Every structure is written in structure tokens, then in C-alpha cells.
Amino acid sequence: MSYLKKAAVIAALFALVAAPSLVVTPAATAKPFAARAIIACESGGDPRAQNKYSSASGLYQFIDSTWRAYRGDSTASRAAYASVREQHAAAYRLFADQGYKPWSASKSCWSQLI
């Protein structure tokens, strides 16, 4: 295998490890978390998405009160103002605590993607 091919393989493997996984199992739960499927349905992948009918914002469409409860060390007042990394971390904490319940309203969409 040429040096360039090896470098490409290593880069691809790193991207898979570094990127949020399609299915992640937080240590606190035995259920897998289908982050990408939920993001696709909730925000279309836009970390600044804002629901026009509620306070829901960000990749996972956190309502403001839920964001404040699960944002951890983030100083962002709303999910849409937080970094992508902070939004993922908050979503994993929420999933570890409540499972898929917070995203049950969009289950008919994301359950088809996992």
C-alpha cells in the first residue's frame, strides 16, 4: 500500500473515531443512542436551528429549560448558541438520563433512519 493510501486510510479511521457515531452507547445505559438520526429529523444538521413555535434550538432541538438542566459546563444560554461539541455532550447526558423520551415526538422520523 502506498504512503498516500495509508495516510488516507488513517485519516478515514480517525474521522470515524472523532466524529459522533451513528449509534453510541453511553456507559450509563444499555440502549444505543442514534444521534445522527435524531439530528437529521430535529434540525436537519443545523446547529443554529430554531423552532419558530417554541424555545427549541440546536442540533437536538433542546427546549431552553432542558438545555439549562443538561448543558454541563457550557455557558451558552440556549443550545443554538453552544458549540456542536457542547450540544452533543448535553444530548448524551440527556439520553443517559431519560433515553429516547425527549425525542419521542419525532420518533416516526428518526426510527426509520436507525
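**A tour of the largest pocket, the disulfide and A69**

Start by selecting E42, A56, Y60, Q61, F62, I63, T66, L94, P102, W103 and A105, the residues that line the largest pocket. The model is a predicted one. With the selection shown as sticks, look at the space between the side chains: the largest pocket holds about 190 Å³. Colour the lining by residue class, and 8 nonpolar, 2 polar and 1 charged residues appear. E42 is the charged one, because Glu counts as charged.

Next, select C41 and C109. Their sulfur atoms lie 2.0 Å apart and form a disulfide. A search of the whole structure finds 1 such link. Trace the chain outward from each end of the pair: C41 sits in helix 2 (residues 35-42), while C109 sits in helix 5 (residues 107-110). The two cysteines are 68 residues apart, and the pair links distant parts of the chain. Set a dihedral about the S-S bond; the value is -80 degrees, and the link of C41 and C109 is left-handed.

Now switch on a surface and stay with the cysteines. Is each one buried or exposed? C41 has a relative accessibility of 21% and is therefore partly exposed, since buried means under 20%. C109, at 35%, is partly exposed too.

For the last stop, select A69, which belongs to helix 3 (residues 64-70). A69 counts as exposed because its relative accessibility is 56%, and the cut-off for exposed is over 50%. Add A90 to the selection and draw a distance between the C-alpha atoms: A69 and A90 are separated by 8.9 Å there, and lie 21 residues apart along the chain.

Methods:
Residues are numbered from 1 along each chain as its sequence is written. This is a predicted model: local features need pLDDT of at least 70, side-chain atom pairs count only at pLDDT 80 or more; totals for chains, interfaces and linings use all residues. Side-chain values use heavy atoms; hydrogens and water are left out. On a 1 Å grid over the protein atoms alone, a cavity is a set of points where a 1.4 Å probe fits but cannot get out, and a pocket is an open set with protein on both sides within 12 Å along at least five of seven lines; lining residues have an atom within 4 Å of a point. Grid points are joined across faces, edges and corners, and a volume is the space filled by probe spheres set on the points. A disulfide is a pair of cysteine sulfur atoms within 2.5 Å. Helices (H or I, at least four residues) and strands (E, at least two) are DSSP runs, numbered from the N terminus. Buried means under 20% relative accessible area, exposed over 50%, partly exposed in between (1.4 Å probe, protein chains only).
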